[in-house]
Amino acid sequence: MKRFSIFWMTGLIALVLTGSAAAQGFPPDFDETFAVSSLNPLLMLKADAVVRLDLLHFEVSNPGRAVRKVRRVVTVLNADGREAGEFLVQYDDRLRHLKKLRGLIRNAQGKVIRKLKKDDIGDYSAISGYSLYDDNRVRVAQLYHDTYPYTVEFEYEILHDGLISWPTWYPQYKGLPVEYGRYVVEAPSNLEMRYHVHGAELEPDVFTRGKRKTLSWNVSALSALDLEPFSPSWEEQVIAVYTAPAAFEIEGARGKMDSWQAFGRWYRALSVGRTELPPEARREVQQLVAGLTDPREKVRRLYEYLQQKTRYVNISLGLGGWQPFDATYVYERGYGDCKALTNYMLALLEEADIPSFPALIRSGGRAPEVLPNFPSNQFDHVILSVPLAADTVWLECTNQAKAFGHLGTFTEDRYALLVTPEGGELVRTPRSRAHENQQTRRAHVDLASSGSATATVHTRYTGNQQDDVRQNLVLRSGQERKEWLLENIDIGSFELVNVDFSEVDAKRLSFELSFQLKLPSYAARTGKRFFLPVNLLGRWSYIPPKVEERTQPVAFFPYAFVDTDTIRYTLPEGVTVEAMPELVEAETSFGRYRAEVVLEADGTLAYHRLLEITKATFPAEEYDAFRDFMRQISQADRAQVVLVKQ
Amino acid sequence: MRPYNLLPPEALNGKGWLVRQDNPVWIPIEATGRYKHRSLVNASFDEGGTLLANLKASDGDYSALAKRHDLKDADEVEDFVRDALLADLNEVLFESCTVDNEEEVNELLKTEAVFSVPAYAQVAGDYIYFNPTPIGRVHENPLRLPERTFPVDLTYPRQLMYTTQFKIPEGYAVHEKPKNLRYKLPVDGGHYQRVIEVEGDILSIQTQFVVKRTVFPPKQYKYLRQFYDTIVATEAEQVVLKRVSESDGEEQGGIDL
């Protein structure tokens, strides 16, 4: 322990990343060659790779300019750890200039066996090699060797010219164990530095010298994050140090982000004067809303117009990553990125006297939550919020097939920074409830005395389930739609006789898909008996693996939903029921399941199944209950009725 | 992971260009092995319908190659056995499980497992119903398109043999069993055969799946598709056991615990 304390005290004095370890203030016995023999054996337990050193140094010279220096040293212990020798650096020669890029490989004894420089595309042996490629935005170094263990080292420097984000430091990248890690951020003393530490009680060392102030965070001997099945992402479970400026500048646009309000104000200023539409566009808007009195209907009409007339193209260069193209540009060309299309939609609504506000958001299914108490640039997308008397309509402006007012898993249930004339305001987008995401199936199966059958199936999908199915179909043409359906019908052998895709293109939150099937051998026959599987479509068969002492929350279901099936079977003449499945009911804190078969008075068999998931994510303690639940479903979904021919 | 002279599946593209000074030519490149699997299962039931099984399986050539890859990627041997050999079963509880010859690529890959499957058989009144194909069952026809314009290439010939022996629980007798079947693909393309026999308290079932030809032109597609349809239907058939009535034997209510 003593060794570490010396290391950390002296660590602050010399802040040069390159050069010898001694010059960086490492302890006297620090092994600069990273030989495997000097690696803490405790960190190697169950690990495929260990981060020996993770240094991040961010030197700010003014609100718009900084240098980022990164050095990572990783020992790869076996073939499964190979990926840890892959590094990536993003740059663009406008806001981010790549100044230095170096990589090397050491053998287990610490001897350098390969070196790679920025423009070095060498000819190396096929067994142990690397590749380095460059698409102008990213360079990737794959540092591989064929004899394990080995150590790779990757180092780069980026000059930021225009700065909106400061680094978020993840020493345990992808959950790897870490021997030493340090993040240093250094700036003029008069520049406010803000930070937030996630996942640990970690206070920075503060050091002031002259007109420069330094904050640094140190970590050592962090064991690997063992990701359990269906757990939240590694980013949410490891130590992370978020840093951000109070004042920033990017291509001449100055702003503050010490409050959400201030950050929103800056964003708003960028789009001032960009909502003007040419006269012909204004006339079109007026014609579109003429005769409509309900504001919601006006919004819908204009949104459909947007979907018809525009498409999404990502264009973001420099400040263009933040400043939208003006509405006229989008009107004339018919394309734009999320900012431009949102701004354009805002302009259309403005012409119809309906106020609306852009909302910055972090997109993606299961995206890590934005830190509400740390105003900073945590967003990657923008949508439009339209407050109406009864409720707020949210518009995703980049999707031509989306149902009006539906967010879906890409942006629902999370923080969004509403950009209003008063500045930014952090709000939450709505979360869809189970009953909004339904799959309701009605089917009629006519069983013949041979065991073959015909089935007529109607399935109505709403909300997110509608997205899951319809978004797959809408992009496909007629024949491809059929092929997609053939692949997704979960029955052993069948012929698709007829299918009705007529509701696919109607961009509604609720849509129905109907088809008819011929089932050549639906009920297997043995002698006088038929074995009739009662759950026609969508049997669940997955049983999650056992986990001893689960510690992480369970994020298995993508959202809350309800599935209901009502399948009616008309039986052939002269057949009686010999065995019927019993009623199965299962109830948990996150959902319930019920399945039963009823022999109706008219001789038909009716199968009723309900699966309702009310909570998409639930605590670790529920894992065993979750497994049991899935096991019961898997069993019950295989249920069959045994019929006998008299 | 490939033994000597087993061409990798990705190289089986029909033809190769023989590079030589004099007279370079196209030569046929054909599979140098088969997809070979053989397994033997000894099975019985407890009174609740749980299947108790003992599996011995061996895989050769392309089957071994695929399984060695799966084994390498699996976290645990149990995961491998469950996914590669027992995927048809709802829930598998292992008592033991071993794999031999993982590294000895010239030998057959050998797997042994003792496991149970809760509620495998449906016990209802005087009857027990169960599917006599617990492993290797073809659940669905992989050929979903009604027609094709290009040939189907199955890459390599296949030869899969399954033998399962069920011990009939005491106090029960076989009431109905699926019929025996032999079904051939045209032009000696292969065959499927299933034989079910009862001897004493043992019901045994032998299944052979053999595909000799690998390329099926569009004209023959419907036969290949029908072949699979037949297998799917056949392997869905079940065995019916019935409790032996009192007059049928002395040992009534035979489950004795």
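**Figure 1. Strand 5 meets strand 6 in chain B.** In this predicted model, Leu93(B) has Ser116(B) as its bridge partner in strand 6 of chain B. Right beside that pair, Phe94(B) stands opposite Phe115(B), again in strand 6 of chain B. Both pairs belong to the meeting of strand 5 (93-100) with strand 6 (residues 109-117), where seven bridges join the two antiparallel strands of chain B.

**Figure 2. Strand 6 of chain B also pairs with strand 4.** Here we turn to strand 4 (residues 51-60) of chain B, which runs antiparallel to strand 6 of chain B and is joined to it by nine bridges. A pair to look for is Leu55(B), whose bridge partner in strand 6 of chain B is Ala113(B).

**Figure 3. An open sheet of eight strands in chain B.** Now the whole sheet comes into view: reading across it, the strands of chain B follow the order 5-6-4-3-10-14-13-12, with mixed pairing. Which strands stand at the edges? They are strand 5 (93-100) and strand 12 (181-185) of chain B; each has a single partner strand, so one side of each is left without a neighbour in the sheet. On average, neighbouring strands of this sheet are turned by 10° against each other, direction ignored. Helix 2 (residues 77-84) of chain B packs on the sheet, where it touches strand 5 and strand 6 of chain B, and its direction makes about 95° with that of strand 5 of chain B.

**Figure 4. Helix 3 and the loop beside strand 12 of chain B.** Towards the other end of the strand order, helix 3 (residues 221-236) of chain B lies across strand 12, strand 13 (190-199) and strand 14 (202-211) of chain B. This helix runs at about 165° to strand 12 of chain B. In the loop between strand 12 and strand 13 of chain B you will find Val187(B). Its phi is near 55°, a positive value in a residue other than glycine. Is Val187(B) buried or exposed? Val187(B) is exposed, with a relative accessible area of 61%.

**Figure 5. A positive phi at Asn23(B).** This view shows the loop between strand 1 (14-18) and strand 2 (25-29) of chain B, where Asn23(B) lies. Asn23(B) is not a glycine, yet it has a positive phi of about 55°.

**Figure 6. Chain A as a whole.** Before moving in on chain A, here is its overall picture. Its secondary structure comes to ten helices and 37 strands, and its C-alpha trace spans about 95 × 70 × 50 Å along the principal axes. Chain A has 646 residues, and 53% of them count as buried. Among its contacts between residues at least 6 apart in sequence, 70% join residues at least 24 apart.

**Figure 7. Two helices cross in chain A.** The axes of helix 4 (residues 279-289) and helix 5 (residues 295-309) of chain A come within 9 Å and cross at roughly 130°. That angle makes helix 4 of chain A oblique to helix 5 of chain A. The crossing between them is right-handed. From helix 4 of chain A, the residues taking part are Glu284(A), Val285(A), Leu288(A) and Val289(A); they meet Lys298(A), Arg301(A), Leu302(A), Tyr305(A) and Lys309(A) in helix 5 of chain A. By type, the residues of this contact divide into five nonpolar, no polar and four charged.

**Figure 8. Two prolines in loops of chain A.** The peptide bond from Tyr148(A) to Pro149(A) is cis, with omega near -10°. Pro149(A) is found in the loop between strand 7 (138-142) and strand 8 (150-161) of chain A. Pro167(A) lies in the loop between strand 8 and strand 9 (168-169) of chain A, and counts as buried at 3% relative accessibility. Leaving aside neighbours within four places in sequence, the contacts of Pro167(A) include Leu56(A), Phe58(A), Arg68(A), Tyr183(A) and Tyr242(A). Pro167(A) and Tyr242(A) are 75 residues apart in sequence, while their C-alpha atoms are 6.6 Å apart in space.

**Figure 9. Strand 27 of chain A and two antiparallel partners.** Strand 27 (residues 510-519) of chain A is mostly covered, with seven of its ten residues buried. Ten bridges join strand 25 (residues 453-462) of chain A to strand 27 of chain A, and the two run antiparallel; in strand 27 of chain A, Gln516(A) is the bridge partner of Thr456(A). Strand 26 (residues 495-500) of chain A also runs antiparallel to strand 27 of chain A, with five bridges between them. There, Leu496(A) has Leu517(A) in strand 27 of chain A as its bridge partner.

Conventions: Residues are numbered from 1 along each chain as its sequence is written. Chains are lettered from A and ligands numbered from 1 in the order in which they are written. This is a predicted model: local features need pLDDT of at least 70, side-chain atom pairs count only at pLDDT 80 or more; totals for chains, interfaces and linings use all residues. Side-chain values use heavy atoms; hydrogens and water are left out. Two strands pair if DSSP finds at least two bridges between them. Helices (H or I, at least four residues) and strands (E, at least two) are DSSP runs, numbered from the N terminus. Axes are lines fitted to C-alpha atoms, for helices over the stretch in contact, and angles run from 0 to 180 degrees between N-to-C directions. Contact means heavy atoms within 4.5 Å. Angles under 35 degrees count as roughly parallel, over 145 as roughly antiparallel, 65 to 115 as roughly perpendicular and the rest as oblique. A crossing is left-handed if the near helix is turned anticlockwise from the far one by less than a right angle, and right-handed if clockwise. Ala, Val, Leu, Ile, Met, Phe, Trp, Tyr, Cys and Pro count as nonpolar, Asp, Glu, Lys and Arg as charged, and the others, Gly among them, as polar. Buried means under 20% relative accessible area, exposed over 50%, partly exposed in between (1.4 Å probe, protein chains only).
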